[in-house]
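Me: I would like to go through this model by question and answer, with the criteria stated for each term. Please begin with the overall composition.

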Amino acid sequence: MRLTDTIQKKYSMIKKIKYSSATIAWTLFIIAAYAATAIYFVKREDTIILVCLIAVFTVWNILALLYAPVSVSVDGNTLNIHTTLRRKRIRMADIASVELCAPTMAEKKILSSGGYFGYWGWFSERDLGKYFAYYGKSSECFLVRLRNGRRYMLGCDEPGAVVDSIKAQISVQSAC
């Protein structure tokens, strides 16, 4: 049995996150800029700045690997947000509501990435308030509101299907 078959059996629904062309371009640009800067300081033999640059680049990339969204999945009791190195689980019982909702361009970034390996981190908007984001394209997003007031802006391929699946799970659990 292939690994993808095993993953599909574990989750009732799994949708990949697709990155926009702008996100891909921005990620490649930043990596190229880091490489060019590192080469410049290697040629200058400026070890202190090179070490600082490598440290900043390493920390930023570890954060990117921890938070860069890869897919969203739904199983019977949990909404799962898969990143490169980990999985964030949200219990269905904790979800108050879910709706299709694209972020606006008026968002403010608070400790976040605005396109480097996707959009992830804390954002704030006047209409939505503060939320944590995991998405690749703003056109494929949905908002999850938890009972404790937290909000998550998630994105994936076919967000409507994921929203419908979550709504179905919430209604089944609230009926019990």
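Reply: The protein contains four helices and ten strands, where helices (H or I, at least four residues) and strands (E, at least two) are DSSP runs numbered from the N terminus. This is a predicted model, in which local features need pLDDT of at least 70 and side-chain atom pairs count only at pLDDT 80 or more, while totals for chains, interfaces and linings use all residues. Residues are numbered from 1 along each chain as its sequence is written, and side-chain values use heavy atoms, with hydrogens and water left out.

Me: What percentage of the residues of the protein count as buried?
Reply: Buried means under 20% relative accessible area, exposed over 50%, and partly exposed in between (1.4 Å probe, protein chains only). Of the 176 residues, the share that counts as buried is 39%.

Me: In what order do the six strands of the open sheet stand?
Reply: Two strands pair if DSSP finds at least two bridges between them. The pairing in this open sheet is mixed, and β5 (95–100) and β6 (108–115) stand at the edges with a single partner strand each, so one side of each lacks a neighbour in the sheet. The six strands follow the order β5-β9-β10-β8-β7-β6.

Me: Which residue in β10 is the bridge partner of F142?
Reply: Strands β9 (residues 141–146) and β10 (residues 151–155) run antiparallel and are joined by five bridges. The partner of F142 in β10 is L154.

Me: Which strands does helix α3 touch as it packs on the sheet?
Reply: Contact means heavy atoms within 4.5 Å. Axes are lines fitted to C-alpha atoms, for helices over the stretch in contact, and angles run from 0 to 180 degrees between N-to-C directions. The direction of helix α3 (residues 47–67) makes about 85° with that of β7. The strands touched by helix α3 are β6, β7 and β8.

Me: Is K130 buried, partly exposed or exposed?
Reply: K130 lies in strand β8 (residues 129–135). Not counting residues up to four places away in sequence, K130 touches I110, W122, F123, S124 and R151. Its relative accessibility is 47%, which means that K130 counts as partly exposed.

Me: Why is C141 not bonded to the closest cysteine sulfur, in C101?
Reply: A disulfide is a pair of cysteine sulfur atoms within 2.5 Å, and by this rule the count comes to zero disulfides. C141 itself is buried, at 3% relative accessibility. The sulfur of C101 is too far from that of C141 for a bond, at 8.2 Å.

Me: Is the aromatic pair of W60 and Y116 stacked or edge-to-face?
Reply: Rings of Phe, Tyr and Trp (its six-membered ring) pair if their centres lie within 6.5 Å; planes under 30 degrees apart count as stacked, over 60 as edge-to-face and the rest as tilted. Among the twelve aromatic pairs of the structure, W60 and Y116 lie 6.1 Å centre to centre with 20° between the planes, and the pair is stacked.

Me: How many residues apart in sequence are the parts that Y67 and F132 tie together?
Reply: The ring centres of Y67 and F132 are 5.7 Å apart and their planes stand at 50°, so this pair is tilted. Y67 is partly exposed at 23% relative accessible area, whereas F132 is buried at 10%. Because Y67 lies in helix α3 and F132 in strand β8, the pair ties together parts whose separation in sequence is 65 residues.
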